[in-house]
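Q: I am new to this structure and should be grateful for a close look at its salt bridges. Please then set them in the context of the strands, helices and cores around them.

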Amino acid sequence: MKRCLFFLILGGLLWPALGLAEDGREADHKLDEIVVTSTRKSKAVDTPASLSIITAEELEDMGAKNIVEALSKIPGVVDSSSKSQSVVIRGNKSAMAGGPVLLMDGVPLKLGDYRYSEFDFIPVNQIERIEVLRSAGIAYGPGAARGVINVITKKSKSEGIHGDVSASYGSWDTHNENMSLQGMRNKVDYLINAENYHTDGYEEEEENRQSVLGRLGYNLSDQSRIGLRVNHVDYDNQTAEGLKKYQWQLDNYRREIHFPKSETDSDLLWHNEKDEKNTTVALEFSHKAEKKFFDSSFSWATYEKDFRRTYAIYDSPTSVYYEDSDQDTYALTMSGGYHFDFGSVSYTPTIGIDYEDIDNTVGRIYPYYPTKNTDTYNFDLQEKTYGVFWDNNLRFNEKWGLDAGIRFDRTEVEFQDKVPNIVDEDRDMFSYSIAPSYHFNDQAMIYASVGRNYWFPTPRYYAWAVEKGGSLNPVEDLEPEEVLTYELGYKHLFNKAFNINATIYYSEYKDKFGSVYDENDDSCGQGNIGDAEAKGIEIEADGRLCQYFGYRVAATYQDIEWTSGTASVYIHPDNTRDYTADISGKQIYWVPEISGVIGLDFYPMAGLKISMDINYIGERYVDYLNQIEYPDKTTFDARASYTWKAWKVWVLGKNIFDEDLEYASNSSGKLNSDGEPNNAYYVQNGAYVEAGISYHF
């Protein structure tokens, strides 16, 4: 019923908008923006790829505290946050690892041996826009098969001195203060932004983040610029053990960080502490002439993590450990090309190279168990990636287009703990992309594409394989996931009343990862367990129907299932264990078939904007065999803002009817003794209310 209602509302919005299509399109629109998630800078409407954009204004309007809140409103993107913030694009994710490639100004953000995407690390107030590429082109290396999220930070754009100051306060003692100063003088441009964020959290899970972004640039000419960018983030939080709760704990201690281990064990789980610091220094150079262009970035990033696992300090102190991680990353990216004109044909080749060197050292001690053997927990890790690509863009008579490119990557992983277990593996990957297109005019195009890309397994997968993989999951058998994707896309800026960005896709996933267990129920790590296929439809549409009313729509249909493979599962209703159950034909868990957002914007008077969002996400399976289903959820957000001269004030509410939201984990489908699913739940946020004020000068 909810699914039918969602599509009825969607159709009701789009039908009148189509009838109002006319010339005189409103100029300021996201599809008109120049994007960089490609080998060349081009307008979003001219990019033959499934690309979505989130602007700084949209982030401010929704009061996002992390970018996952915004990403989950994009077609094909699902919030999969459990003990940390994460998303899944088109269902392509595996356990104990990050999802899509996450970049800051084009530089990959890969932290730790698990390669989790640290979305909490990214201060929202420092973002100019986010570009989300659901099927990655050849501009990005291993990992792009799961999508690309390019976070572009703010830059100085105008002469003189300008600045912004803002502050907000909301539920759970959440407050956010931000200050920025920017400007240009002669040939020098500069920007500095500082942010402070604190929350006690829905579950009393305290978080603190302090961050600084600095930019300094010198414009050698109107075409060339050399710049320096410095980012520093200090983030710490307190959580229970993974924040995992079973049904009894969920029912009785939903909003508490300290809760009994079970209904029969009154000992409380105590909090863990994590303190992370990340600093990036990047030297950038760009040249944009009429014919030739060149972009480069050389960066150094350091990452430090101090983790204190103290959840059982009072009843099992020997399990308490302290872990420190130190990482240095050096990255170089360079690309350049030339515009050739041959009458009615234009040709733009682009050549680029990437190099990334990650060195990570991890140490662990057990302060209350000094004799414990920690040889497998103390290790050194090095990962190097070399990439080169050649992209070609052709336009014929300003109507027909062809984008075609190839890419070669080589990744080398070296790992050694104190046992010693040793990994010394390398893989070569060849990617390609072909995308013909037809441009009706400069505001509309249709394209088809086919491309192959990869997701390279995290270093932790290699470490587990060499430590405990045995004959079931030997390290030499781990292969990168390979994804072949076909797309048909349509983008059109009709007018101010109706604009659309739609994609139909089909993907084949080869060598997808999953958990491997032996017959003693011992983990053998994460291995390639099978192949899968996905097909779906993604639609974004928006418009301003009249002076007083506008709308936004994002809708997704996706069907993602295993075509072959085996997994270790429990068979219902007997709860018997099968270590090699056939999962072919089963839907990939935690991927809804239907999801979407309908947003309505009202402008009753000058400066006043009132908005509401209806967020729907359909039923999802929790386990490999689709025996356990998580129900669909509908939430409502609302906000109002008033702008007067340089001032802006706002109030907003998220999940205003306090719908219970959580990530459910039980991929094996295990049942309790009473026959109920042994699901573990990771509670997500409840109702949130906020008020804020900003001043621009």
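A: **Salt bridges and their surroundings**

A search of the whole structure finds 46 salt bridges, a salt bridge being a side-chain nitrogen of Lys or Arg within 4 Å of a carboxyl oxygen of Asp or Glu. The model is a predicted one, in which local features need pLDDT of at least 70 and side-chain atom pairs count only at pLDDT 80 or more, while totals for chains, interfaces and linings use all residues. Residues are numbered from 1 along each chain as its sequence is written, and side-chain values use heavy atoms, with hydrogens and water left out.

One of these salt bridges joins the side chains of K291 and D341, with 2.6 Å from N to O. K291 belongs to the loop between β16 (272-288) and β17 (292-309), and D341 to strand β19 (residues 340-342), so the pair ties together parts that are 50 residues apart in sequence. Helices (H or I, at least four residues) and strands (E, at least two) are DSSP runs, numbered from the N terminus. K291 has a relative accessibility of 27% and counts as partly exposed; buried means under 20% relative accessible area, exposed over 50%, and partly exposed in between, with a 1.4 Å probe and protein chains only.

A second example is the salt bridge between the side chains of K535 and D559, at 3.3 Å from N to O. This pair links distant parts of the chain, with K535 in strand β27 and D559 in strand β28, 24 residues apart. K535 is partly exposed at a relative accessible area of 33%, whereas D559 counts as buried at 14% relative accessibility.

A further salt bridge connects E659 with K633, and the closest N and O atoms are 3.7 Å apart. Since E659 lies in the loop between β35 (647-654) and β36 and K633 in strand β34 (residues 633-644), the pair ties together parts that are 26 residues apart in sequence. E659 counts as partly exposed, with 26% relative accessibility, while K633 counts as buried, with 10%. Elsewhere, K73, R552, D601, D613, D637 and R639 are linked in a network of salt bridges.

Strand β36, which follows the loop of E659, takes part in an open sheet of three strands with the order β15-β37-β36 and antiparallel pairing; two strands pair if DSSP finds at least two bridges between them. β15 (244-245) and β36 (662-665) stand at the edges with a single partner strand each, so one side of each is left without a neighbour in the sheet. Four bridges join β36 to the antiparallel strand β37 (residues 680-683), and within this pairing E662 has V683 as its bridge partner.

Strands β27 and β28, which hold K535 and D559, also bear on the interior. The largest nonpolar core has 38 residues, and Y461, Y462, I560, W562, I583 and Y624 have the most contacts inside it. A nonpolar core is a set of buried Ala, Val, Leu, Ile, Met, Phe, Trp, Tyr and Cys residues joined through side-chain atoms within 4.5 Å. At least two residues of the largest core come from each of β21, β22, β23, β24, α5, β26, β27 and β28 (549-571). Helix α5 gives the most to this core, with five residues. Another core, of 28 residues, lies apart from it and has I54, V68, L102 and V124 among its members.

Helix α5 (residues 459-468) is itself mostly covered, with seven of its ten residues buried. The buried residues are P459, R460, Y461, Y462, A463, W464 and A465. Their cover includes β21 (379-396), β22 (400-417), β23 (422-441), β24 (444-455), β26 (499-517) and β27 (523-546), on the basis of contact, meaning heavy atoms within 4.5 Å. G470, which follows α5, has a positive phi, near 60°.

I54, one of the residues in the other core, is found in β3, where five of five residues are buried. From β3, L51, I53 and T55 point one way, and S52 and I54 point the other way. In a regular strand the side chains alternate between the two faces of the sheet. β3 and strand β8 (residues 127-133) pair in the antiparallel sense over five bridges, and the bridge partner of I54 in β8 is I130. These strands belong to an open sheet of five strands in the order β3-β8-β9-β6-β7, with mixed pairing. Its edge strands are β3 (51-55) and β7 (107-108), each pairing on one side only.
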